[in-house]
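Reader: Please take one part of this model, the strand pairing, and look at it closely, then carry the account on to the packing of nonpolar residues and helices.

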Amino acid sequence: MIRITTKVGDLFMEAENEREESDRIKLYDSYSRYLEYLPLESVSPYETVAQYCNKVIRRLEECDSVDEILKYLGISSYTTGQSWTHLLEYIYSFDGYDYDSEADRYYELPSGEEITRFTVLANDCVNIIGSTYVLRCN
């Protein structure tokens, strides 16, 4: 894996010789969770795959915000936030969870199951870039 150090947090990219798929290269978030892929059909006939990857890495390193990274990669998101709790209203909707102030916990209605950071991270559409949580649209 290749570490990409951006201004807002690390990302990771499959090394060219470690690719799982021949037609694309996977990108991962700061926790090495799948984020997006780079289709190799975007490679110009005048550049190698390595040159294309280096161009992408340089551009990601220049991004000033998570939103800029998402826009560059073509990723649509419902929301981003510095806390996993910012994602709850989009994951569960306003009627799908509640907060118990006495117990200081979020829980899912009507099951009563507690919602934790790990519950949110179990969602395949949730990523973390640096300290920012991202809820991607499918």
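**Strand pairing and the packing beyond it**

Author: Strand S7, which covers residues 105-108, and S8 pair in the antiparallel sense over 2 bridges, where pairing requires that DSSP finds at least two bridges between the strands. The model is predicted, so to speak of local features takes a pLDDT of at least 70 and side-chain atom pairs count only at 80 or more, while totals for chains, interfaces and linings use all residues. Residues are numbered from 1 along each chain as its sequence is written, and side-chain values use heavy atoms, with hydrogens and water left out.

Within S7, Tyr106 stands opposite Ile115 of S8. The two strands belong to an open sheet of 3 strands, in the order S6-S7-S8 with antiparallel pairing, whose edges are S6 (97-100) and S8 (114-115), each pairing on one side only. Helices (H or I, at least four residues) and strands (E, at least two) are DSSP runs, numbered from the N terminus.

Elsewhere, S1 (residues 2-5) pairs with S2 in the antiparallel sense over 4 bridges, and Thr5 has Asp10 of S2 as its bridge partner. These two strands make a hairpin with 4 residues between them, and Gly9, which lies in the turn, has a positive phi of about 150 degrees.

S2 (10-13) also gives two or more residues to the largest nonpolar core, as do S3 (24-28), S4 (34-39), H1 (49-62) and H2 (66-73). A core joins buried Ala, Val, Leu, Ile, Met, Phe, Trp, Tyr and Cys through side-chain atoms within 4.5 Å, buried meaning under 20% relative accessible area (1.4 Å probe, protein chains only). H1 gives the most to this core, with 6 residues, and of its 23 members Met13, Leu73 and Ile129 touch the most others. Leaving aside neighbours within four places in sequence, Ile129 is in contact (heavy atoms within 4.5 Å) with Val8, Leu11, Ser30, Leu35, Val66, Ile69, Leu70 and Val134. Apart from this core lies another, of 13 residues, among them Trp84, Tyr97, Ile115 and Val120, so Ile115, the residue opposite Tyr106, is one of its members.

Finally, H1 and H2 pack at an angle of about 150 degrees with their axes 9 Å apart, the axes being lines fitted to C-alpha atoms over the stretch in contact and the angles running from 0 to 180 degrees between N-to-C directions. That makes H1 roughly antiparallel to H2, a term for angles over 145 degrees. Val56, Arg59, Leu60 and Glu62 of H1 make the contact with Glu68, Ile69, Tyr72 and Leu73 of H2.

Technical notes. Buried means under 20% relative accessible area, exposed over 50%, partly exposed in between (1.4 Å probe, protein chains only). Angles under 35 degrees count as roughly parallel, over 145 as roughly antiparallel, 65 to 115 as roughly perpendicular and the rest as oblique.
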